[in-house]
Amino acid sequence: MSKDDKDKAQIIDKDLDLSNAGRGVWLVKVPKYIAQKWEKAPSNMDVGKLRISKTPGQKAQVSLSLTPSVLALDPDEKIPTEHVLDVSQVTKQTLGVFSHMAPTDVGAGSNGKENSSMISGQPDNEKLYMEGRIVQKLECRPIADTCYMKLKLESIRKASEPQRRVQPIDKIVQNFKPVKDHAHNIEYRERKKAEGKKARDDKNAVMDMLFHAFEKHQYYNIKDLVKITNQPISYLKEILKDVCDYNMKNPHKNMWELKKEYRHYKTEEKKEEEHKSGSSDSE
């Protein structure tokens, strides 16, 4: 942030009320279905009853019962009503609960206090409060009765439902319309159809065409030989196996070459002799 931005930034000091700093507060974690019920409940409704049973020499037993008024908010949704709270001490952390007084135009409650997450605008008369220090953490878990088992089965069923479903459509959708036929499929069928119409020439005539082609070049691939002979590829391969070798290694991999008994290439020695004789004649 630049110096000008710092000068423009509005800094508001607020007083922090620590009168309740010594008060102990419980931090309770409740299941999702309880939180959803409590969110629907009005502010003046009793949402549950807390019971604490103390036995000498043992930890206190804490339980929570939801009130009938909360359950009546959605009668069709059956949820467990009895819960046990597992208590754990807060030893390695210092946690606190804070609130702030917001002006009445933002909808403050009767006590003028709002949760700190609702701060907006930062008015000049805003005041912060420390409501207490968290001394215990409690985790609310339902008693494993029939109602709870049905709730878990329903949640498992919903989780197993596929997110995407096949739905029939009653009209043509232009986007992502399937192609009737692809270009490469059409080309393949036309090529196979053309090959099927090719008449098989006499074997000796085909061999003459092959020998004439190999006089020009030593190596050919199958596509070039099909164009030269104009024969079906299966028939041509049968003839090639009789008179040619198929190279499986580089530098002429996947190329056809005449067998040794059909080759009539000049050897390197003859080439050197012709080269020498030609040079001597020139002298």
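Buried residues make up 20% of the 283 residues in the chain. The model is a predicted one. The exercises below start with the whole chain and move to details.

**Exercise 1. The whole chain**

Task: State how many helices and how many strands the chain has. Then find what share of the contacts with a separation of 6 or more comes from residues 24 or more positions apart.

Solution:
- Step 1. Count the elements. The chain has nine helices and 10 strands.
- Step 2. Take the contacts with a separation of 6 or more. Residues 24 or more positions apart account for 62% of them.

**Exercise 2. Strand β5 and its partners**

Task: Find how β5 pairs with β4 and with β8, and name a bridge partner for S65 and for H83.

Solution:
- Step 1. Begin with β4, residues 61–66, and β5, residues 82–89. These strands run antiparallel and are joined by four bridges.
- Step 2. Locate one of the residue pairs. S65 has E82 in β5 as its bridge partner.
- Step 3. Turn to β8, residues 127–142. Seven bridges link β5 and β8, again in the antiparallel sense.
- Step 4. Locate a pair here too. H83 has P142 in β8 as its bridge partner.

**Exercise 3. Helices α6 and α8**

Task: Classify the packing of α6 against α8 by angle, and list the residues that meet.

Solution:
- Step 1. Read the geometry. α6 (residues 203–214) and α8 (residues 233–243) pack at about 65°, and their axes lie 11 Å apart.
- Step 2. Apply the cut-off. Angles of 65 to 115 degrees count as roughly perpendicular, so α6 and α8 are roughly perpendicular to each other.
- Step 3. Note the hand. The crossing of α6 past α8 is right-handed.
- Step 4. List the residues. From α6 come K203, V206, M207, L210 and F211; from α8 come Y235, L236, I239, L240, D242 and V243.
- Step 5. Sort them by class. The contact of α6 with α8 holds nine nonpolar residues, no polar ones and two charged ones.

**Exercise 4. Helices α6 and α7**

Task: Do the same for α6 and α7: find the angle class and the classes of the contact residues.

Solution:
- Step 1. Read the geometry. α7 spans residues 222–229, and α6 packs with α7 at about 120°, with axes 10 Å apart.
- Step 2. Classify. The angle makes α6 and α7 oblique to each other.
- Step 3. Note the hand. α6 passes α7 in a right-handed crossing.
- Step 4. List the residues. V206, M209, L210, A213 and F214 of α6 touch L225, I228 and T229 of α7.
- Step 5. Sort them. The contact of α6 with α7 has seven nonpolar residues, one polar and no charged.

**Exercise 5. The loop between β9 and β10**

Task: Decide whether N247 is buried or exposed. Then find which peptide bond is cis and what sign phi has at N254.

Solution:
- Step 1. Place N247. This residue lies in the loop between β9 (244–246) and β10 (256–258).
- Step 2. Apply the cut-off. Buried means under 20%, so N247, at 19% relative accessibility, counts as buried.
- Step 3. Check its contacts. Beyond neighbours within four places in sequence, N247 touches Y219, H252, K253, N254, M255 and E257.
- Step 4. Find the cis bond. The bond from N250 to P251 is cis, with omega near 15°. P251 is in the loop between β9 and β10.
- Step 5. Look at N254, found in that loop. N254 is not a glycine, yet its phi is positive, about 65°. N254 counts as partly exposed at 42% relative accessibility.

Conventions: Residues are numbered from 1 along each chain as its sequence is written. This is a predicted model: local features need pLDDT of at least 70, side-chain atom pairs count only at pLDDT 80 or more; totals for chains, interfaces and linings use all residues. Side-chain values use heavy atoms; hydrogens and water are left out. Axes are lines fitted to C-alpha atoms, for helices over the stretch in contact, and angles run from 0 to 180 degrees between N-to-C directions. Helices (H or I, at least four residues) and strands (E, at least two) are DSSP runs, numbered from the N terminus. Angles under 35 degrees count as roughly parallel, over 145 as roughly antiparallel, 65 to 115 as roughly perpendicular and the rest as oblique. A crossing is left-handed if the near helix is turned anticlockwise from the far one by less than a right angle, and right-handed if clockwise. Contact means heavy atoms within 4.5 Å. Ala, Val, Leu, Ile, Met, Phe, Trp, Tyr, Cys and Pro count as nonpolar, Asp, Glu, Lys and Arg as charged, and the others, Gly among them, as polar. Two strands pair if DSSP finds at least two bridges between them. Buried means under 20% relative accessible area, exposed over 50%, partly exposed in between (1.4 Å probe, protein chains only).
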